[in-house]
Amino acid sequence: MDPVTHVVVGAALAVVGGAEVSLTSPVLMATTLGAVAPDMAIIYQYWGHYAYLKHHRGISHSLPGLLAFASLISGLLSMVFPGTSFFMLFLWAFLGGLSHTFLDLLNSYGVMIFYPFSRKKYTLNLLMITDPVLIGFSLALIYAGWRKSILVFPLFLIIIGYLILRLAMRRKAERLINGYYGASIEKLVVMPAFSSLINWDFIVRVNNKNIVGQINIITGKIKIHKRLKLRKEALKEILEKTKIGKFFKEFTPLLHIDYRIEGNKIIGRFTDLRYYVRNGFLHQATVILDNSSYQVEKALFQPYNPKNKIEIR
């Protein structure tokens, strides 16, 4: 999720726990700081997009990382609020961090919650990166807490209800797509659209193809973005074993690999199927191999825009 969402949801969580809406509230400060701390991994951006995306939502979003952040935050706040229990500050800072990881679990990017024991990214595919409904109700809850209104708990229940509604919307999208493609479906993944509450992106595997599209759950209308033929040859396995191939397999659970042969060169193409924006995929990579030795001659990571070309050595 975006930083604003993490801040308001973290603060709302503290208010539900009875915290006063004030900068002098140790519980509010601990929870809010805990809720934004996992995104400190942004420091990796100093070394470029490749370093940042390689570590994004890794150890900083894992359970060990959340415990470390909670310890640091509670230690610092203990000096600011000397009369407040370290354990209480630690608990609320950890709950704030947990809210961050939980929210990131709800969108399609995923989190390595069990890092370093597992580098697998888990996702529930329910919310957009920025969800205006969640932000709106969280702000309303904070305001109700500031006014000491009895609406705090009802608003909390509304937020829970909204998450349940999003689950029902995703399941409806799944039913519609299953009805459209029928028994030929080998695999189906439905994800929240990049910027729409009623549209849902999907990747469906049928007839040896990955079909990337979007469905409107109100009208049932399906829009196809791309049809990508699956590769199962040995060359695909060779491409997967390159440095950029290993990175992409870890980076996205929804990877498509294609290639073409030009003279004595193999030109491999890696595509993250999760984000289709402005008529193109958000994250891609290219690798060029010698056709006889399979040695990598050049590998380019292309995050956010195909014009971005970061050479990976």
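Helix α2, which spans residues 26-36, has eight of its eleven residues buried, so the helix is largely enclosed by the rest of the structure. This is a predicted model. The buried residues of α2 are Pro26, Val27, Leu28, Ala30, Thr31, Thr32, Gly34 and Ala35, and what covers them includes α1 (3-16), α4 (63-80) and α5 (86-105).

Further along the chain, four strands form an open sheet in the order β1-β2-β3-β4, paired in antiparallel fashion. Strands β1 (185-192) and β4 (222-229) stand at the edges and have a single partner strand each, so one side of each is left without a neighbour in the sheet. From one strand to the next, the twist averages 20°. Strand β3 (residues 209-216) runs antiparallel to β4 and is joined to it by seven bridges, and valine 212 has lysine 226 in β4 as its bridge partner. Helix α7 (residues 152-181) packs on this sheet, where it touches β1, β2 (199-206), β3 and β4, and its direction makes about 145° with that of β1.

The count of salt bridges comes to eight, among them the following.

| Acidic residue | Basic residue | Closest N to O |
|---|---|---|
| aspartate 258 | arginine 231 | 2.8 Å |
| glutamate 297 | lysine 265 | 2.7 Å |
| glutamate 311 | arginine 313 | 3.6 Å |

Glutamate 297 lies in strand β10 (residues 296-303) and lysine 265 in strand β6 (residues 265-272), so this pair ties together parts that are 32 residues apart in sequence. Glutamate 297 is partly exposed at 40% relative accessibility, and lysine 265 is partly exposed at 25%. In the pair formed by glutamate 311 and arginine 313, the glutamate is partly exposed, with a relative accessible area of 36%, whereas arginine 313 is exposed, at 74%.

Notes
Residues numbered from 1 in each chain as written. Predicted model: local features only at pLDDT ≥ 70, side-chain atom pairs only at ≥ 80, totals over all residues. Heavy atoms only, no water. Buried < 20%, exposed > 50% of the residue type's maximum accessible area, 1.4 Å probe, protein only. Helix = DSSP H or I, 4+ residues; strand = E, 2+ residues; numbered from the N terminus. Contact = heavy atoms within 4.5 Å. Pairing = 2+ DSSP bridges. Axes fitted to C-alpha atoms, helices over the stretch in contact; angles between N-to-C directions. Salt bridge = Lys/Arg side-chain N within 4 Å of Asp/Glu carboxyl O.
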